[in-house]
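Biologist: Thanks for sitting down with me. Could you put the model on screen, and then we can go through the ligand site together?

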Amino acid sequence: MVAVRAIILAAGQGKRMKSAKPKVLHDVLGMPILSRVVRQCQALAPEKLHVVVGHQAELVRDFVEKTFEDGSCLTHLQEPQLGTGHAVMQVAPALEGFNGHVIVTVGDAPVIQSATLKHLLLSHEQSGAAVTALTAIVEDPKNYGRIVRDEAGKVRAVVEDKDASQAEKAICEVNTGIYCLSWPAVKDGLQSLTCENKQKEYYLTDLVGWAYKSGAGAAAVALTDWREMAGINSRLELSEAARHLRDITVSRLALESGVTIVDPHSTWICPEVKIGQETTIMPGCILTGDIEIGADCLIGPYTVMKGRVRVGAGASVVSSYVNDSVIGDRARVGPFAHLREGNAVGSASKVGNFVELKKATLGDHTNVGHLSYIGDASLGSNVNIGAGTITANYDHVTKRKDRTIVGDGASTGSNSVLVAPVELCAEAVVGAGTVVTKDVPSGALAVGRARQEIIEGWAKRRKERMTVAPKA
Ligand code: UD1
Ligand code: CA
């Protein structure tokens, strides 16, 4: 097998974003642009991945080092930034002694799919060319570089929009900025690049012209889905790219996974999300993160999931907000539940309306039906938490957080307060309105509230007093 390396160009300024933040670190559907590009390249299993940084280099380098801690991503400084060809030149010393294929991608095109990069690699191998450009046939070539072919239909050059003649501007096959290069075959070509053009930059695109002229061989392979090339230069293009990613993801889920997405336009699902067959996603859902939803679920309308979320088969999560939590098979969540980080809800359990969970585990068949806050708590199975039950887990004075433990089969009456640290043992019962500060033994009842008094005839007497002496 031929060795593979990948180069990602991320040194440019991205002026049109009008942002203090580096362009490639902007979020697109729950993940920074650069991470998306890196991940697609990683799927090719390159022996090394080189990221060229320049503008706001420190920030981008820090991000790369923190996000890809295994050291698989190396950064290379390009200073000053003299064009895409110049950017690749900065990696050349690190390619010394390397013999194989180099995938080069622009760091601002996050819709590209790894399957496409694999296809590019494969056709590069088959054609034997030194440079293969990934191209796209589009209706509106915008300001992308144009692919110029010779009489025989062979790729002759890439001409930048700014340097193009009227005839060239009419060409609808454009350069995606993604290439496969044979190394060291292109080394001479890279060294021969000049900046004799409108932008006074070293264009990587000129490598295509060099490969054609020198006989090293230039080839092109066209994208089947032009949306994959969507580059981000402004915030408007950022939202366009997110839309393309969403559309591609929705199609895949609907056509390959058998998921019903009722209204794709109001649904945002990032490509990483896995969903089982027969699950229905109702309108208004936003699912971004490391999310896996089982088969036969009902999600939404208006459900947000973030971080690492697992939802078992047959569960429903209606109009709720879920972060870093696990929801068991056939569990019912919502409407209007808020699962903050670190929860595990057992199978066939229920988390009802206006319930907030934080670092809470619920066993199987346990219900927290209405208006509760359950934080830093472990609830067993078959527990019933009455409406309005609150775990008082936080001491504002000492800043301490303590745990509440509720054993199997225990129950609380409405409006109980469980002051942590406290334990209700198995089958314990708490009377409505009780403030529990001491552990409740197994099977015992805890009641702590003023005893009710009955004053016979009180209402009638009060009414009579009111009639005798009406208010002034
Ligand atoms: C480039 C291509 C164009 C193609 C388009 C696709 C060139 C000359 N043109 O144009 O044919 O249609 O991409 O999106 O290559 N960068 C560096 N260092 C630099 C300049 C740029 O690392 O000195 C990086 C940028 O951060 C960016 C990428 O290279 O991620 C592309 O640069 P950009 O200036 O956006 O090139 P385009 O004009 O879009
Ligand atoms: Ca660009």
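Biologist: Which element gives the most to the shell around ligand 1?

Modeller: Keep in mind that this is a predicted model. Strand S1 (3-10), helix H3 (84-89) and strand S10 (173-183) each give two or more residues to that shell. The top contributor, with three residues, is S10.

Biologist: Nice. How many residues surround ligand 1?

Modeller: Let's start with the closest ones, which are Gly12, Gln78, Thr84, Glu160 and Asn175. By class, the shell has eight nonpolar, twelve polar and two charged residues. The full count of surrounding residues is 22.

Biologist: Now the polar contacts. Which residue has a side-chain N or O atom 2.6 Å from an oxygen atom of ligand 1?

Modeller: Gly145 is one partner of a ligand oxygen, but there a backbone N or O atom lies 2.9 Å away. Gln78 does use an N or O atom of its side chain, yet that one is 2.7 Å from a nitrogen atom of ligand 1. The side chain with an N or O atom 2.6 Å from a ligand oxygen belongs to Glu160.

Biologist: What percentage of the area of ligand 1 does the protein bury?

Modeller: The reference here is the ligand taken alone, which exposes 750 Å². Of that area, the protein buries 86%.

Biologist: Where does ligand 1 sit?

Modeller: The candidate site has a volume of about 1,400 Å³. Arg16, Thr84, Asp108, Glu201 and Asn233 lie nearest its centre, among 41 lining residues. Ligand 1 sits in this site, the largest pocket.

Biologist: And which element gives the most to the lining of the largest pocket?

Modeller: The elements giving two or more residues to the lining are S1, H3 and S10. By class, the lining divides into 15 nonpolar, 18 polar and eight charged residues. With four residues, the element that gives the most is S10.

Biologist: Let's turn to the backbone. Which residue has a positive phi of about 65° although it is not a glycine?

Modeller: Look at the loop between strand S22 (332-333) and strand S23 (337-339), where Pro335 lies. The residue with that phi is found in the loop between S22 and S23 as well. It is Phe336.

Biologist: One last thing: which proline follows Ala420 through a cis peptide bond?

Modeller: There is a cis bond from Gly334 to Pro335, with omega near 0°. The bond you are asking about also has omega near 0°, and its proline is placed in the loop between strand S33 (417-419) and strand S34 (422-424). That proline is Pro421.

Definitions and conventions
Residues numbered from 1 in each chain as written. Chains lettered and ligands numbered in written order. Predicted model: local features only at pLDDT ≥ 70, side-chain atom pairs only at ≥ 80, totals over all residues. Heavy atoms only, no water. Near = heavy atom within 4 Å. Polar contact = N/O pair within 3.5 Å; in protein donor to acceptor, adjacent residues only side chain to side chain. Areas by Shrake-Rupley, 256 points an atom, 1.4 Å probe, with all protein chains shown as cover. 1 Å grid on protein atoms, 1.4 Å probe; cavity = no way out; pocket = protein on both sides within 12 Å on 5 of 7 lines; lining within 4 Å. Sits in = over half its atoms within 2 Å of the grid points. Nonpolar A, V, L, I, M, F, W, Y, C, P; charged D, E, K, R; others polar. Points joined across faces, edges and corners; volume = space filled by probe spheres on them.
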